[in-house]
Amino acid sequence: MRIDVFTIFPDYLAPLQLSLIGKAIEDGLLEVHVHDLRQWTHDRHRTVDDTPYGGGAGMVMKPEPWGEALDALLASYGPITDGPRPVLLVPTPSGRPFTQAMADELAAAPRIAFACGRYEGIDHRVIDWARQYFDVSEVSLGDYVLNGGEVAALAMIEATVRLVPGVIGNSLSLVEESYSAASDHLLEYPVYTKPASWRGFDVPEVLLSGHHGKVAQWRHEQSVEITSRRRPDLIT
Ligand code: 6GU
């Protein structure tokens, strides 16, 4: 899989070199291309933003650098054919909520790209123009505001890449995830390791019993209880 990220802060994506994703890059399972949007500016100050039409606080990202950046991205896909259009994700707090189902879909794509906005966002004509050539999704991580799309892109990339075959050493952990609480739309049960007693707190008896049926039942009950307390919206 190849991932392209367009940003005015390429260094924000540096953590992609670490841990599991870094290993996936080393192993040739993943290519990450981070592009500095300012390379597509042409003025002395490498300007990427301007004041909003209609007034109001903050700045808006200018369309021209984004247009040239996305032209370059499009060119990197080769001649336009009538297959599925390349995927372009635009992180924004006003996007559709990013979900595990989206991560599953993205993980099956050969390439995806992120356009990370800053300030009050990207001139909306960029999105409208891009829809002619890309399968554009404006996506949000949740109901809070970040300073820009970079941290959101990192999260979406991690959620996606860990699902690419070969990236997680023990793919059984993904299978278990998809058969257990996650696929039931329940939150995960609490987990414990040795020692069995620690600072006066004991591991629940049933987990020491070796009775797999009872363990599974206990875990499911815990999942249901935690979910109904913390995320009643997930219980159908
Ligand atoms: Cl995707 N972007 C920004 N800037 N803020 C967010 C977000 C995205 N998701 C939640 N807050």
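Entry 1, overall layout. I began with the domain assignment, which splits the protein into domain 1 (2-162) and domain 2 (175-234). I then took the C-alpha centres of domain 1 and domain 2 and found them 37 Å apart. I note here that the model is predicted.

Entry 2, the record. I looked up the UniProt entry, which is unreviewed, under "binding site". The record lists Gly117, Leu141, Gly142, Asp143, Tyr144, Val145 and Leu146. I picked Leu141 and Asp143 from that list for a closer look.

Entry 3, Leu141. I located Leu141 in the loop that runs between strand S7 (135-140) and helix H5 (149-161). Is Leu141 buried or exposed? I got 19 C-beta neighbours inside 10 Å, so Leu141 counts as partly exposed; a buried residue needs 20 or more. Leaving out residues up to four places away in sequence, I found that Leu141 touches Phe98, Ala152 and Ala155.

Entry 4, Asp143. I placed Asp143 in the loop between S7 and H5 as well. I counted 7 other C-beta atoms within 10 Å of Asp143, and therefore put it down as exposed. The limit for that class is 12 or fewer.

Entry 5, Ser140. I found Ser140 in strand S7. Ser140 has 18 other C-beta atoms within 10 Å, so I entered it as partly exposed. Which residues does Ser140 touch, not counting those up to four places away in sequence? I listed Thr92, Pro93, Ser94, Gly95, Arg96, Pro97 and Phe98. Phe98 is thus on my contact list for Ser140 and also on the one for Leu141. I also checked Ser140 against Ala216, which is 76 residues away along the chain, and their C-alpha atoms are separated by 34 Å.

Entry 6, the ligand. I went through the 14 residues around the ligand and noted that Pro91, Pro93, Leu141, Leu146 and Ala152 come nearest. The elements giving two or more residues to this shell are strand S5 (87-97), S7 and H5. Which element gives the most to the shell? I found that S5 does, with 4 residues. I sorted the shell residues by type and got 8 nonpolar, 6 polar and no charged.

Entry 7, cross-check. I compared the ligand shell with the record. Leu141 and Leu146 are among the residues that come nearest to the ligand, and UniProt lists both under "binding site". Ala152, also among the nearest, is one of the residues that Leu141 touches. Pro93, another of the nearest, is one of the contacts of Ser140.

Conventions. Residues numbered from 1 in each chain as written. Predicted model: local features only at pLDDT ≥ 70, side-chain atom pairs only at ≥ 80, totals over all residues. UniProt positions renumbered as here; feature names shortened; annotations may be inferred. Contact = placed C-beta atoms within 7 Å. Near = placed C-beta within 6 Å. Nonpolar A, V, L, I, M, F, W, Y, C, P; charged D, E, K, R; others polar. Domains from an automatic or database assignment.
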